[in-house]
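Please look through the model shown here. The report below goes from a single loop to the whole chain, then to selected side chains.

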Amino acid sequence: MKMQSNFLCALTLFLTASFGMLHAQDNNVNTEFGVKGGFNMSNLYSNDANDDNVLYGFNAGVYATLPISDFIAIQPEILFTTKGAELDYNNAFATGNAKFRLNYIEVPLLVRVNITKNFNVHAGGYASYLVSSKVTGDGDISFDQEINTDDLNKFDAGLSAGVGVDFNPISIGLRYNYGLTTVGKERTVAGTTYTFPDAKNSNLTLYLSYKLN
């Protein structure tokens, strides 16, 4: 998604510029433990991420915020999250859509910087493990098929960046995940090596979290 890639670049620049302001802030970050969940807009990309074929899904899990200074914290999370893509087709033979769904257990590890008491930016990376996958179709041709995860790359990893606004004990935020590993496995058939699907995950999340302590 080009919009999301631009968002990631702008956020990185903003995070860098923000460090010059932090010495004037008070103690803006505290230890937190909580639950969170959100709405996903995911896609698969080969070269540049774009806004086509977006699949809507969700994420849910737990998080911790562990301060290492008055305004910086390490934020690990454990989430169940859905990713994938949706394809609409319309040709001489059939019309409809197909959804390729990937379900992961995901572990983001983020550096959280509280610019103010109520506003933070965060960036880091994530690692995921594929627990299930399926492809479904609606239209002239309907199908619902589980995919053997052994036929796909079970591990995914990438970069994460986002912003959050805190309304104690509730927070809302926006985060973008940019995958760095292909969804498909590399395999060789008849002397030819290929990867299918030769694509990576792209995911934009709008989330809501609730502090428990």
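## A cis proline

Pro 169 lies in the loop between β7 (155–167) and β8 (170–182). The model is predicted. In it, the peptide bond from Asn 168 to Pro 169 is cis. Its omega is near 5°. Most peptide bonds are trans.

## Fold and confidence

The protein chain has eleven strands and one helix. Along the sequence, the pattern reads α-β-β-β-β-β-β-β-β-β-β-β. Among contacts with a separation of 6 or more, 67% join residues 24 or more positions apart. Of the 213 residues, 43% are buried. The accessible surface of the protein chain is about 10900 Å². Carbon and sulfur atoms contribute 61% of that surface.

The average pLDDT is 84, and 76% of the residues score at least 70. Residues 17–25 are a weak stretch, with pLDDT under 50 throughout. The model has ten contacts beyond four places in sequence for residues 17–25. Where pLDDT is low, predicted coordinates should not be read in detail.

## The tyrosine cluster

A search of the whole structure gives five aromatic pairs. In one of them, the ring centres of Tyr 45 and Tyr 178 are 5.0 Å apart. Their planes meet at 25°, so this pair is stacked. The pair links distant parts of the chain, with Tyr 45 in strand β1 and Tyr 178 in strand β8. The two residues are 133 residues apart.

Tyr 178 also pairs with Tyr 176. That pair is tilted, at 6.3 Å centre to centre and 55° between the planes. Ring pairs thus link Tyr 45, Tyr 176 and Tyr 178 into a cluster. How buried or exposed is each member? Tyr 176 has a relative accessible area of 0%, so it is buried. Tyr 45 is buried too, because its value is 4%, under the 20% cut-off. Tyr 178 has 22%, so it counts as partly exposed.

## Asn 103 in strand β4

Asn 103 belongs to strand β4 (residues 95–114). Its relative accessibility is 17%, so Asn 103 counts as buried. Which side chain makes a polar contact with that of Asn 103? The partner is Ser 132, at 2.8 Å.

Leaving out residues up to four places away in sequence, Asn 103 touches two stretches of the chain. Phe 80, Thr 81 and Thr 82 are among its contacts. Tyr 129, Leu 130, Val 131 and Ser 132 are the others.

## Phe 39 in strand β1

Phe 39 is found in strand β1 (residues 32–45). At 39% relative accessibility, Phe 39 counts as partly exposed, because that value falls between 20% and 50%. Its C-alpha atom is 6.0 Å from that of Gly 57. Phe 39 and Gly 57 are 18 residues apart along the chain.

Beyond residues up to four places away in sequence, Phe 39 touches Tyr 56, Gly 57 and Asn 59, together with Leu 204, Thr 205 and Leu 206.

## Lysines over rings

Two lysines have their charged ends over tyrosine rings. The charged end of Lys 36 sits over the ring of Tyr 207, at 3.9 Å from the ring centre. For Lys 83, the ring is that of Tyr 104, and the charged end is 5.5 Å from its centre.

Terms used. Residues numbered from 1 in each chain as written. Predicted model: local features only at pLDDT ≥ 70, side-chain atom pairs only at ≥ 80, totals over all residues. Heavy atoms only, no water. Helix = DSSP H or I, 4+ residues; strand = E, 2+ residues; numbered from the N terminus. Buried < 20%, exposed > 50% of the residue type's maximum accessible area, 1.4 Å probe, protein only. Polar contact = N/O pair within 3.5 Å; in protein donor to acceptor, adjacent residues only side chain to side chain. Contact = heavy atoms within 4.5 Å. Areas by Shrake-Rupley, 256 points an atom, 1.4 Å probe, with all protein chains shown as cover. pLDDT = per-residue confidence, 0-100. Phe/Tyr/Trp six-rings, centres within 6.5 Å; stacked < 30°, edge-to-face > 60°. Lys NZ or Arg CZ within 6 Å of the ring centre and 35° of its normal.
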